[in-house]
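Take a slow look at the structure below before reading on. The paragraphs that follow lead from one chain to the pair, and then to a few local details.

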There are 2 protein chains.
Amino acid sequence: MNHFPLSDRVTVKRLPHRAAYDLATIHAILDEGLVCHVAFLVDGQPCVIPTLYVRLGDHVYLHGSPASRMLQALQQGGTVCIAVTLVDGLVLARSAFHHSMNYRSVVLYGAPAVVEDPVRKAEVLRGLTDHVIPGRWQDIREPSDQELRRTLVVSIPITEASAKVRTGPPLDDEPDYALPVWAGVVPLRLAAAEPIPDPRLDPGIAPPLYAAAYAKPGPAR
Amino acid sequence: MNHFPLSDRVTVKRLPHRAAYDLATIHAILDEGLVCHVAFLVDGQPCVIPTLYVRLGDHVYLHGSPASRMLQALQQGGTVCIAVTLVDGLVLARSAFHHSMNYRSVVLYGAPAVVEDPVRKAEVLRGLTDHVIPGRWQDIREPSDQELRRTLVVSIPITEASAKVRTGPPLDDEPDYALPVWAGVVPLRLAAAEPIPDPRLDPGIAPPLYAAAYAKPGPAR
């Protein structure tokens with residue numbers, strides 16, 4: 001299998017049949033998500049912050065202002081933990097106890113490193129834009145040298161990670177199947193609506209297809 | 001204002017104009033989210049795990065198996081950090097640098113306590129179900145005593161929290177407004193699709209309205 005050695009902390013203990021450790025599953029989840037949650041230490045206390053990210057090759061990249069507390073903490077050394085969670089549906093069972101959620105999530109641990117090279121930084125920012133909204137980069141003004149200096153980019157290797165996936169219908173206790181209760185799944189996904197033009201936009205400029213028909217790929221159901 | 005004293009760690013330092021500390025804003029975001037991300041320590045290392053939650057009054061409640069590593073860690077004492085993040089839209093500026101995201105997020109810190117009283121545990125589980133899918137509880141088999149014993153419920157007080165909110169159009173550098181580039185917002189929201197019946201469901205049982213017309217309230221745009 002195409003996966004790395006499992007550490008204890010990425011080994012899924014609860015409901016291990018939901019676990020996946022292969023890189024294809026992990027990459028697919030990372031590539032579909034928009035926002036990750038980054039856990040890090042400040043004065044020995046755990047903190048968690050949402051932020052955009054992109055996976056490029058075998059690293060995840062974060063970016064932000066050099067003044068960001070999260071990015072400052074990430075430069076202090078130590079490992080961080082990053083979670084990406086895709087919500088796919090509500091699982092309605094016949095008993096309260098077996099209600100659940102269909103989801104795909106990745107948790108990874110790694111030591112962050114600052115990306116210093118401005119060429120690589122620009123590549124990562126392009127990759128981030130391509131990840132969030134494919135097609136956008138070619139239309140926009142690229143970062144100036146000053147903007148690049150004002151942007152901190154951090155990489156975390158994907159070397160210690162696991163995925164957890166729940167799919168499919170509810171699993172009820174056998175006697176409960178006789179209850180006259182609707183059961184099944186309410187599918188959920190992050191959906192886009194019609195783009196809202198900037199009030200200062202020239203009304204002659206139509207929204208590009210990547211904005212008008214924006215959709216992240218959904219899960220296989 | 002209806003808010004609590006601000007600690008340093010919940011005071012928003014980056015882009016402070018996006019910060020909100022009033023309880024109404026914080027509660028509204030917590031009430032709209034489905035999944036939170038909980039950061040906690042294991043052997044001094046930060047970990048982050050997604051999980052369902054509910055706000056009832058001035059506490060957030062988590063639940064799960066007593067074997068859950070996260071819930072076990074939460075019983076060791078210390079504070080946890082919880083983030084709830086609602087993604088409202090992609091903000092497409094004229095420059096790469098000013099691309100952003102519209103979002104509403106809450107970060108809170110608190111010391112978890114186990115809810116021991118079975119009556120209160122049952123109330124919390126009902127509250128959780130009402131939060132995730134209002135109307136469901138009345139249709140389902142309620143938890144048995146044994147199921148309640150197999151469910152750990154943890155409360156975290158909402159006494160140290162902040163919200164961060166970005167809304168509205170992109171904010172470009174003044175010269176960039178002259179660029180012939182579409183700019184604006186692609187609205188995003190968690191949307192429900194038609195319910196998928198359990199393969200073992202009696203085909204005579206129609207989906208209830210709360211499943212057929214499931215929708216979480218969206219942001220004011």
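Two residues are in contact if their C-beta atoms, placed from the backbone, lie within 7 Å. Keep that cut-off in mind for what follows. The model is predicted. Among contacts in chain A between residues at least 6 apart in sequence, 71% join residues at least 24 apart.

Now take chain A as a whole. There are 5 helices and 12 strands in chain A. The C-alpha trace of chain A spans about 65 × 50 × 35 Å along its principal axes. Chain A has 221 residues, of which 42% count as buried.

Helix α1 gives a local view of that burial. In α1 (residues 23-32) of chain A, the buried residues are A:Thr25, A:Ile26, A:Ala28, A:Ile29 and A:Leu30. What covers them? The cover includes strands of chain A, among them β1 (19-20), β4 (54-56) and β5 (59-64). Strands β6, β7 (100-110) and β10 (161-166) of chain A also belong to the cover of α1(A).

Next, bring in the second chain. How does chain B relate to chain A? A turn of 180° and a shift of 0.0 Å along the axis lay chain B on chain A with an RMSD of 0.0 Å. That is the relation of a two-fold axis. In chain B, the C-alpha nearest this axis belongs to B:Leu190, at 2.2 Å from it. The same surface serves both copies, as 100% of the contact residues of chain B recur in chain A.

The interface itself comes next. In it, 80 residues of chain B are in contact with 80 residues of chain A. Several elements of chain B give two or more residues to the side that touches chain A: β2 (35-42), β3, β6 (80-92), β7 (100-110), α3, β11 (184-192) and β12 (196-197). Which of them gives the most? That is β11(B), with 9 residues. By class, the side of chain B that touches chain A has 55 nonpolar, 11 polar and 14 charged residues.

Strand β11 deserves a second look. Strand β11 (residues 184-192) of chain A pairs with β11(B) in the antiparallel sense, over 5 bridges. One of the residues to find here is A:Leu188, whose bridge partner in β11(B) is B:Ala192.

Another contact between the chains starts from a loop. A:Ile205 is found between β12 (196-197) and α5 (209-212) of chain A. A:Ile205 has 15 other C-beta atoms within 10 Å and is partly exposed. Leaving aside its neighbours within four places in sequence, A:Ile205 is in contact with B:Pro180 and B:Trp182.

Turn to helix α3 of chain B, at residues 118-132. This helix has 15 residues and reaches 21 Å from its first C-alpha to its last. That is close to the 21 Å expected at 1.5 Å a residue. Buried in α3(B) are B:Lys121, B:Val124, B:Leu125, B:Leu128, B:Thr129, B:His131 and B:Val132. Seen down the axis of α3(B), these buried residues fall within an arc of 160°, so they line one face of the helix. The cover over the buried residues of α3(B) draws on both chains: it includes β6 (80-92) of chain A. From chain B, it includes β3 (45-52), β4 (54-56), β5 (59-64), α4 (145-149) and β9 (152-157).

Strand β3 of chain B appears in that cover, and β3(B) is itself mostly covered. Of its 8 residues, 6 are buried. β3(B) pairs with β2(B) in the antiparallel sense over 8 bridges. Within this pairing, B:Leu41 stands opposite B:Pro46 in β3(B).

The turn between these strands closes the tour. The hairpin of β2(B) and β3(B) has 2 residues between the strands, and B:Asp43 takes a positive phi near 55° there. Such a phi is a positive value in a residue other than glycine. Is B:Asp43 buried or exposed? B:Asp43 is exposed, because 8 other C-beta atoms lie within 10 Å. In chain A, A:Asp43 lies in the loop between β2 (35-42) and β3 (45-52). Phi of A:Asp43 is near 55°. A:Asp43 is exposed, with 8 other C-beta atoms within 10 Å.

Notes
Residues are numbered from 1 along each chain as its sequence is written. Chains are lettered from A and ligands numbered from 1 in the order in which they are written. This is a predicted model: local features need pLDDT of at least 70, side-chain atom pairs count only at pLDDT 80 or more; totals for chains, interfaces and linings use all residues. Helices (H or I, at least four residues) and strands (E, at least two) are DSSP runs, numbered from the N terminus. The expected span of a helix is 1.5 Å times one less than its number of residues. A residue is buried if 20 or more other C-beta atoms lie within 10 Å of its own, exposed if 12 or fewer, and partly exposed in between; C-beta atoms are placed from the backbone. The arc is that of the directions from the helix axis to the C-beta atoms. Copies are superposed by least squares on the C-alpha atoms of residues with pLDDT of at least 70 in both. Ala, Val, Leu, Ile, Met, Phe, Trp, Tyr, Cys and Pro count as nonpolar, Asp, Glu, Lys and Arg as charged, and the others, Gly among them, as polar. Two strands pair if DSSP finds at least two bridges between them.
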